[in-house]
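The exercises below are meant to be worked through with the sequence and the structure side by side. Each begins with a task and is followed by a solution that proceeds in steps.

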Amino acid sequence: TKCESGCVCADGLYENLDGRCVPAEECPCEYGGLAYGRGEQIQTECEICTCKKGKWKCVQKTRCSSTCNLYGEGHITTFDGQRFVFDGNCEYILAMDGCSVNRPISSFKIITENVICGKSGVTCSRSISIYLGNLTIILRDETFAISGENPGVRYKVKKNALHLMFDIIIPGKYNMTLIWNKHMNFFIKISRETQETICGLCGNYNGNMKDDFETRSKYVASNELEFVNSWKENPLCGDVYFVVDPCSKNPYRKAWAEKTCSIINSPVFSACHNKVNRMPYYEACVRDSCGCDIGGDCQCMCDAIAVYAMACLEKGICIDWRTPEFCREF
């Protein structure tokens, strides 16, 4: 509608991010604020995408996996990406199969037992029980114990300075990787070869975040507390009626919590900021750091930061954030 001075590319050429005119074949693709050249690939858990003429061409992987995170004082991210927080001093079912009415037989069940870890009543996941038929793996007190056996299940245990990892294969059904940081963080990564229904606090793993609060009675709860209470392993445990805000209970800790957790928002993690939304992790870090007031407060804070670092690693960004003075490896 009006004439503006400036330069334009000749017909058939397009301006790239450097301001040069290039043919369509050389156009870059954008993802998470970063530019990728022709032929470069990015991988998600379910797709491999290749940059072609400025657009991503994606191919579904034959096997698609998803991860459920349980970390800190009751923070959960479900397989489908729903986030919520709960505090409850009880055993809860994190994930299991055999949920459908037609096929009620379960081949695995993973339970978390929460223990009070702060004067304000916040809880931390301290014990994890994994039931695989007659094979049981208990994670507790920074170590693990295995009892029983199941010839139909293959498993391998790996250790490093920070984590215990369990690779579990239930042939024809699931490949699972369970990662525990020997404190409060636990990750369940599942690749399944069947459309078997999964249920528990980790959600129903059907690709739809909106119905993740499905209770044991097969209806979608109106709030997370109703949902959480339905997945108690022991019905004699008391119900959770409210979620504690540790920073309101311990306002004297809030400034320290915000200061120490600010590393997540700092240049140290800048390479990851466009890949993984940092705010939920920062808010979880502040909440946990306010809440762990009976010793171990630095451990709570370090565990919360480590969850963001692991989310970055899932996207291919490795952040070297620990130092001898800050959350050093023991």
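**Exercise 1. A pair of strands**

Through how many residues does a hairpin join E16 to E17? Keep in mind while looking that this is a predicted model.

Solution. Begin by locating the two strands, since E16 covers residues 154-159 and E17 covers residues 164-170. The hairpin that joins E16 to E17 runs through four residues. Next, follow the pairing itself, which is antiparallel and extends over six bridges. As a point of orientation, Arg 154 stands opposite Ile 169 in E17.

**Exercise 2. A covered strand and its partner**

Determine whether strand E11 is mostly covered or mostly open, and find how it pairs with E20.

Solution. Strand E11 spans residues 91-97, and six of its seven residues are buried, so that the strand is mostly covered. Turning to the pairing, E11 and strand E20, which consists of residues 198-199, run in the antiparallel sense and share two bridges. Within this pairing, Met 96 is the residue that stands opposite Cys 199 in E20.

**Exercise 3. A helix and its surroundings**

Compare the span of helix H5 with the expected value, and then explain why this helix can be called largely enclosed.

Solution. The helix is formed by residues 279-291, 13 in number, and it reaches 18 Å from its first C-alpha to its last, which is close to the 18 Å expected at 1.5 Å a residue. As for its surroundings, 11 of the 13 residues of H5 are buried, and the helix is therefore largely enclosed by the rest of the structure. The buried residues include Tyr 281, Tyr 282, Arg 287 and Asp 288, as well as Cys 285 and Cys 290.

**Exercise 4. A buried arginine**

Which side chain of opposite charge is nearest to Arg 192, and what does the side chain of Arg 192 reach?

Solution. First place the residue, which is found in strand E19, residues 186-192. Arg 192 is buried yet has no salt bridge, and the nearest side chain of opposite charge is that of Asp 80, 6.7 Å away. Because a salt bridge requires the nitrogen and the oxygen to lie within 4 Å, that distance of 6.7 Å does not qualify. The side chain of Arg 192 does, however, reach the backbone oxygen of Tyr 205 at 2.5 Å.

**Exercise 5. Salt bridges and what they connect**

How many salt bridges does a search of the whole structure find? Describe the pairs formed by Glu 25 and by Arg 140.

Solution. The search finds seven salt bridges. In one of them, the side chains of Glu 25 and Lys 53 meet at 3.8 Å, N to O. This pair links distant parts of the chain, 28 residues apart, with Glu 25 in the loop between strands E2 and E3 and Lys 53 in the loop between strands E6 and E7. Both partners are partly exposed, Glu 25 at 37% relative accessibility and Lys 53 at 49%.

In another, the side chains of Arg 140 and Glu 113 meet at 3.7 Å, N to O. Arg 140 belongs to strand E14 and Glu 113 to strand E12, so the pair ties together parts that are 27 residues apart in sequence. Here too the partners are partly exposed, with a relative accessible area of 37% for Arg 140 and a relative accessibility of 26% for Glu 113.

Key:
Residues numbered from 1 in each chain as written. Predicted model: local features only at pLDDT ≥ 70, side-chain atom pairs only at ≥ 80, totals over all residues. Heavy atoms only, no water. Expected span 1.5 Å × (residues − 1). Buried < 20%, exposed > 50% of the residue type's maximum accessible area, 1.4 Å probe, protein only. Pairing = 2+ DSSP bridges. Lys, Arg positive; Asp, Glu negative; His and termini not counted. Polar contact = N/O pair within 3.5 Å; in protein donor to acceptor, adjacent residues only side chain to side chain.
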